[in-house]
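Biologist: Please take one part of this model and go through it closely. Begin with how accessibility is judged, and then follow the contacts from there.

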Amino acid sequence: QVQVVESGGGLVQSGGSLRLDCVVSGFIGSINAMGWYRQAPGKERELVADINSGGTTNYADFVKGRFTISRANAKNTAYLEMNSLKPEDTAVYYCNTNGRNWRGQYDAWGRGTQVTVSS
(Lines give C-alpha, C1' and ligand atoms only; values in the text may rest on other atoms or scores of the structure.)
Protein backbone atom coordinates (compact mmCIF):
# COMPACT_ATOMS: atom_id res chain seq x y z
CA GLN A 1 0.00 0.00 0.00
CA VAL A 2 1.18 3.51 -0.81
CA GLN A 3 0.52 6.42 1.55
CA VAL A 4 0.60 10.09 0.61
CA VAL A 5 0.70 12.81 3.26
CA GLU A 6 0.61 16.55 2.60
CA SER A 7 1.66 19.28 5.01
CA GLY A 8 2.39 22.99 5.05
CA GLY A 9 -0.99 24.55 4.42
CA GLY A 10 -2.33 27.43 6.44
CA LEU A 11 -3.61 30.98 6.43
CA VAL A 12 -1.59 33.66 4.66
CA GLN A 13 -2.22 37.21 3.51
CA SER A 14 -2.48 38.11 -0.15
CA GLY A 15 0.99 38.42 -1.62
CA GLY A 16 2.45 36.01 0.89
CA SER A 17 4.16 32.65 0.46
CA LEU A 18 3.74 29.07 1.61
CA ARG A 19 5.51 25.81 0.93
CA LEU A 20 3.63 22.53 0.73
CA ASP A 21 5.34 19.19 1.28
CA CYS A 22 4.17 15.79 0.05
CA VAL A 23 5.74 12.63 1.46
CA VAL A 24 5.11 9.24 -0.14
CA SER A 25 5.70 6.06 1.85
CA GLY A 26 4.88 2.38 1.87
CA PHE A 27 5.37 -0.10 -0.98
CA ILE A 28 6.55 2.63 -3.31
CA GLY A 29 8.60 0.68 -5.82
CA SER A 30 9.36 3.16 -8.58
CA ILE A 31 7.63 6.54 -8.46
CA ASN A 32 6.86 8.11 -11.82
CA ALA A 33 5.08 11.42 -11.55
CA MET A 34 4.15 13.52 -8.54
CA GLY A 35 1.67 16.33 -8.78
CA TRP A 36 -0.31 18.93 -6.90
CA TYR A 37 -4.00 19.51 -7.48
CA ARG A 38 -6.44 21.83 -5.80
CA GLN A 39 -10.14 22.04 -5.21
CA ALA A 40 -11.98 25.17 -4.15
CA PRO A 41 -15.52 25.02 -2.71
CA GLY A 42 -18.06 24.34 -5.43
CA LYS A 43 -15.40 23.76 -8.07
CA GLU A 44 -13.81 20.79 -9.78
CA ARG A 45 -10.42 19.51 -8.71
CA GLU A 46 -7.78 20.97 -11.04
CA LEU A 47 -4.12 20.35 -11.77
CA VAL A 48 -1.74 22.92 -10.32
CA ALA A 49 1.62 21.42 -11.28
CA ASP A 50 3.32 18.09 -11.76
CA ILE A 51 6.82 16.73 -12.16
CA ASN A 52 7.97 13.45 -13.63
CA SER A 53 10.82 11.19 -12.60
CA GLY A 54 13.18 12.99 -14.94
CA GLY A 55 12.40 16.39 -13.42
CA THR A 56 10.26 17.72 -16.24
CA THR A 57 7.64 20.08 -14.87
CA ASN A 58 4.21 21.16 -16.03
CA TYR A 59 2.21 24.09 -14.65
CA ALA A 60 -1.31 25.36 -14.94
CA ASP A 61 -1.40 28.79 -16.57
CA PHE A 62 -2.85 30.39 -13.46
CA VAL A 63 0.26 29.59 -11.38
CA LYS A 64 3.04 30.07 -13.92
CA GLY A 65 5.67 32.41 -12.57
CA ARG A 66 4.32 32.18 -9.01
CA PHE A 67 4.51 28.50 -8.00
CA THR A 68 7.44 26.10 -8.28
CA ILE A 69 7.22 22.33 -8.00
CA SER A 70 10.25 20.24 -7.13
CA ARG A 71 11.02 16.79 -5.77
CA ALA A 72 13.64 15.02 -3.74
CA ASN A 73 13.70 11.49 -5.10
CA ALA A 74 15.85 10.13 -2.29
CA LYS A 75 13.21 11.33 0.19
CA ASN A 76 10.17 10.37 -1.92
CA THR A 77 9.03 13.93 -1.39
CA ALA A 78 7.58 16.64 -3.59
CA TYR A 79 7.36 20.31 -2.78
CA LEU A 80 5.21 23.18 -3.97
CA GLU A 81 6.65 26.62 -3.34
CA MET A 82 3.85 29.17 -3.64
CA ASN A 83 4.64 32.87 -3.92
CA SER A 84 2.54 35.96 -4.64
CA LEU A 85 -0.51 34.15 -3.34
CA LYS A 86 -3.93 35.49 -4.25
CA PRO A 87 -7.32 35.00 -2.57
CA GLU A 88 -8.36 32.90 -5.57
CA ASP A 89 -5.63 30.41 -4.66
CA THR A 90 -7.68 29.46 -1.62
CA ALA A 91 -8.45 25.73 -1.86
CA VAL A 92 -7.64 22.31 -0.50
CA TYR A 93 -4.40 21.20 -2.10
CA TYR A 94 -3.95 17.51 -2.82
CA CYS A 95 -0.83 15.57 -3.70
CA ASN A 96 -0.99 12.75 -6.22
CA THR A 97 1.61 10.21 -7.18
CA ASN A 98 1.74 7.31 -9.58
CA GLY A 99 4.26 4.58 -10.10
CA ARG A 100 4.78 0.85 -10.07
CA ASN A 101 5.46 -1.58 -7.24
CA TRP A 102 5.44 -5.35 -6.92
CA ARG A 103 1.65 -5.37 -7.17
CA GLY A 104 1.59 -3.39 -10.40
CA GLN A 105 0.83 0.22 -11.22
CA TYR A 106 -0.64 2.50 -8.59
CA ASP A 107 -2.15 5.95 -8.36
CA ALA A 108 -2.43 7.41 -4.87
CA TRP A 109 -3.84 10.58 -3.33
CA GLY A 110 -3.31 12.34 -0.06
CA ARG A 111 -6.11 13.73 2.09
CA GLY A 112 -5.25 17.32 1.27
CA THR A 113 -4.09 20.41 3.10
CA GLN A 114 -6.06 23.64 3.34
CA VAL A 115 -4.57 26.85 1.95
CA THR A 116 -6.44 30.06 2.74
CA VAL A 117 -5.35 33.41 1.33
CA SER A 118 -6.92 36.48 2.89
CA SER A 119 -7.33 39.74 1.00
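Modeller: A residue counts as buried under 20% relative accessible area, as exposed over 50%, and as partly exposed in between. The model is predicted.

S84 is a convenient place to start. Its relative accessibility is 42%, so S84 counts as partly exposed. S84 sits in the loop between β8 and β9, and its phi is near 50°, a positive value in a residue other than glycine. Most residues other than glycine have a negative phi. N76 also has a positive phi, about 50°, and is not a glycine either. The loop that holds N76 runs between β7 (67-72) and β8 (77-82). With a relative accessible area of 26%, N76 is therefore partly exposed.

From these loops the path leads to the interior. In soluble globular proteins, nonpolar side chains tend to be buried together. The largest nonpolar core here contains 31 residues, and W36, L80, M82 and Y93 have the most contacts inside it. Strand β3 gives the most to this core, with 4 residues. Beyond its neighbours within four places in sequence, M82 is in contact with G16, S17, L18, L20, R66, F67, Y93 and V115.

Two of those partners, L20 and Y93, lead on to T113. Both are in contact with T113, as they are with M82. T113 belongs to strand β11 (residues 113-118) and has a relative accessibility of 12%, so T113 counts as buried. Other contacts of T113, outside its neighbours within four places in sequence, include E6, S7, G8, G9, A91 and V92. One polar approach can be given in detail: the T113 side chain reaches the backbone nitrogen of G9 at 3.2 Å.

E6, among the contacts of T113, brings in strand β1. In a regular strand the side chains alternate between the two faces of the sheet. Strand β1 (residues 2-7) has V2, V4 and E6 on a covered face, with Q3, V5 and S7 on the uncovered one. Strands β1 and β3 pair in the antiparallel sense, over 6 bridges. Within that pairing, C22 in β3 is the bridge partner of E6.

C22 is also half of a disulfide, its sulfur lying 2.0 Å from that of C95. The link is between distant parts of the chain: C22 is in strand β3 (residues 18-26) and C95 in strand β9 (residues 91-101), 73 residues apart. The torsion about the S-S bond is about -75°, so this disulfide is left-handed. Both cysteines, C22 and C95, are buried. The structure has 1 disulfide in total.

The loops that follow β3 and β9 offer a second link, this one aromatic. A search of the whole structure gives 2 aromatic pairs. In one of them, F27 and W102 meet edge-to-face, with 6.4 Å from centre to centre and 80° between the planes. F27 lies in the loop between β3 and β4 (30-39), while W102 lies in the loop between β9 and β10 (104-109), 75 residues apart. Accessibility here contrasts with the disulfide, where C22 and C95 are buried. F27 has a relative accessible area of 49%, so it is partly exposed; W102, at 67%, counts as exposed.

Technical notes. Residues numbered from 1 in each chain as written. Predicted model: local features only at pLDDT ≥ 70, side-chain atom pairs only at ≥ 80, totals over all residues. Heavy atoms only, no water. Disulfide = S-S within 2.5 Å. Helix = DSSP H or I, 4+ residues; strand = E, 2+ residues; numbered from the N terminus. Buried < 20%, exposed > 50% of the residue type's maximum accessible area, 1.4 Å probe, protein only. Polar contact = N/O pair within 3.5 Å; in protein donor to acceptor, adjacent residues only side chain to side chain. Contact = heavy atoms within 4.5 Å. Core = buried A, V, L, I, M, F, W, Y, C linked by side-chain atoms within 4.5 Å. Pairing = 2+ DSSP bridges. Phe/Tyr/Trp six-rings, centres within 6.5 Å; stacked < 30°, edge-to-face > 60°.
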